[in-house]
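Subject: Structure for you to look at

Hello,

Here is the structure I said I would pass on. Please open it next to this message; my notes follow below.

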Amino acid sequence: MDYLLRDAYFTGASYGEFDLSRILRVIRPYEKGVCFTANGMHAVEDYIVSRYQMYQQIYYHRVNRSMEVILHHLLKRAQYLYQEKELPVTPSLARFLAGTWDLQDYLKMDDGVMETNFSMWTESSDPVLVDLTKRYLFRRPLASAKINEESKQLLPQLKDLIKKAGFDPDYYTGVGSAFDEPYDAYKPSGKNANSQIEIMQEDGSLIELSQLSPLVKALNGTLQGDERFFFPVAMLKQADFQQYLKNGELLTKKIRQKNNFQKKTTVAEFAAVVFAYRSLLVLVLVSVVTSVKERTHWLVFHDQLDSVTHQRPNGNENHLVEVLFGWLLD
């Protein structure tokens, strides 16, 4: 319970807040452990929901998991350089990198030791170590995309693209699964069961919490999370890399082919619409030109007819017929 309240405080999240004082007031000992009185059930219920929310929103968050990937690669690079005698480290961390540490060394390891070494490594001659250290210290996480068993087959292709972009896939990519975490929202029975939370009734009998609370029953055995592929943020600007991503997920080959077909279909439909409008425009122009031409011919004929009518000799109709026949032929 204590870690939820501390983590909620230091992260600024309200998900981990619950009424600890109320829970402590209703807790009771019994033969096999501890239980809670019935009037404190909702306080315990709130604790279960708060824990669930903290794991989903904080512990399983993609940025948090990205920083874990960076830290893992950072220490792996440090161990490699230490074995090559190319890395200065403090004595306490040196034993970890050499694999000779014991319980006392573990107990001495704290944030101060790691921060001291990280500070030294920012001035290392190894560019990969320097970059990974600064990414961790200055909170520059990797980007990520959800993957599944089918889309995992594309990872070698993506790693090749990342390598061509100048990043070593061994240190700038990773796969992380939230399903690897030993956590269920609340699982009082079955495989990998957690400790049951018992609620004491007025007669002293005990009933397991999920049998009384519909909310906890809904979370009973719930396994939430995803598996992600982590890669440098700079790859999001690469067009040949972007084609594999959509809405934060790595697309399978079948979905990408479907999307490409839809894009081609959209282009073809657009071309058909443009052609139809062009054809319509041509018909309109032809109609206008024809109308103007007919109007022009009529005006010319009218002028010629008027001229012949006023200038022909008396009794001579041949020239009038010639003008009328010529206009009809036009």
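To begin with one residue: S205 is in contact with I199 and M200, leaving aside its neighbours within four places in sequence. S205 sits in the loop between strand 5 (198-200) and strand 6 (206-208). Its side chain also makes a polar contact, at 2.7 Å, with the side chain of D203. S205 counts as partly exposed because its relative accessible area is 32%, and partly exposed covers values between 20% and 50%. Please keep in mind that this is a predicted model.

The chain as a whole

The protein chain has 14 helices and 9 strands. Of its 330 residues, 34% count as buried. The chain exposes about 21500 Å², and carbon and sulfur atoms supply 54% of that area. If you take the contacts between residues at least 6 apart in sequence, 67% of them join residues at least 24 apart.

The nonpolar cores

In soluble globular proteins, nonpolar side chains tend to be buried together. Which residues touch the most other members of the largest nonpolar core? They are W121, L158 and F231, in a core of 37 residues. Several elements each supply at least two residues of this core, including helix 7 (111-121), helix 9 (155-164), strand 3 (143-147) and strand 7 (227-231). Helix 4 (62-83) is also on that list, and the largest share, 6 residues, comes from helix 4. There is a second, separate core of 25 residues, and among its members are A13, Y47, I58 and I199. I199 is also one of the residues in contact with S205.

To see some of the packing in the largest core, select L158. Not counting residues up to four places away in sequence, L158 touches F229, F241, Y244 and L250.

Helix 8

Helix 8 (127-137) also supplies at least two residues of the largest core. The buried residues in helix 8 are V128, L129, V130, L132, T133, R135 and Y136. What covers them includes helix 4, helix 7 and helix 10. After helix 8 comes R139, which has a positive phi, near 55°.

Salt bridges

Side chains of opposite charge can pair when their charged atoms come close. How many salt bridges does a search of the whole structure find? The search finds 8, and three of them are described here.

D226 forms a salt bridge with R65, and the closest N and O atoms are 2.8 Å apart. This pair links distant parts of the chain: R65 is in helix 4, D226 is in the loop between helix 11 (214-219) and strand 7, and 161 residues separate them. Are these two residues buried or exposed? D226 has a relative accessibility of 17%, so D226 counts as buried. R65 is at 7%, so R65 counts as buried too.

D226 also meets R228 in a salt bridge between their side chains, at 3.5 Å from N to O. R228 counts as buried because its relative accessibility is 9%. Salt bridges with shared partners join R65, D226 and R228 into one network.

S177 can be viewed together with this network. S177 is in strand 4 (residues 174-177), and S177 touches R65, D226 and E227, not counting residues up to four places away in sequence. With a relative accessible area of 15%, S177 is buried.

The third salt bridge joins K152 and E149, with the closest N and O atoms 3.4 Å apart. K152 is partly exposed because its relative accessible area is 26%. E149 is exposed, with a relative accessible area of 59%.

A patch on the surface

Lastly, look at the outside of the model. W101, L103, Y106 and L107 make a nonpolar surface patch of about 480 Å². W101 is in the loop between helix 5 (91-98) and helix 6 (103-108). W101 counts as partly exposed because its relative accessibility is 44%.

Regards

Key:
Residues numbered from 1 in each chain as written. Predicted model: local features only at pLDDT ≥ 70, side-chain atom pairs only at ≥ 80, totals over all residues. Heavy atoms only, no water. Patch = residues over 30% accessible without salt bridge, like charges linked within 9 Å, V, L, I, M, F, W, Y side chains within 5 Å. Areas by Shrake-Rupley, 256 points an atom, 1.4 Å probe, with all protein chains shown as cover. Salt bridge = Lys/Arg side-chain N within 4 Å of Asp/Glu carboxyl O. Helix = DSSP H or I, 4+ residues; strand = E, 2+ residues; numbered from the N terminus. Buried < 20%, exposed > 50% of the residue type's maximum accessible area, 1.4 Å probe, protein only. Core = buried A, V, L, I, M, F, W, Y, C linked by side-chain atoms within 4.5 Å. Contact = heavy atoms within 4.5 Å. Polar contact = N/O pair within 3.5 Å; in protein donor to acceptor, adjacent residues only side chain to side chain.
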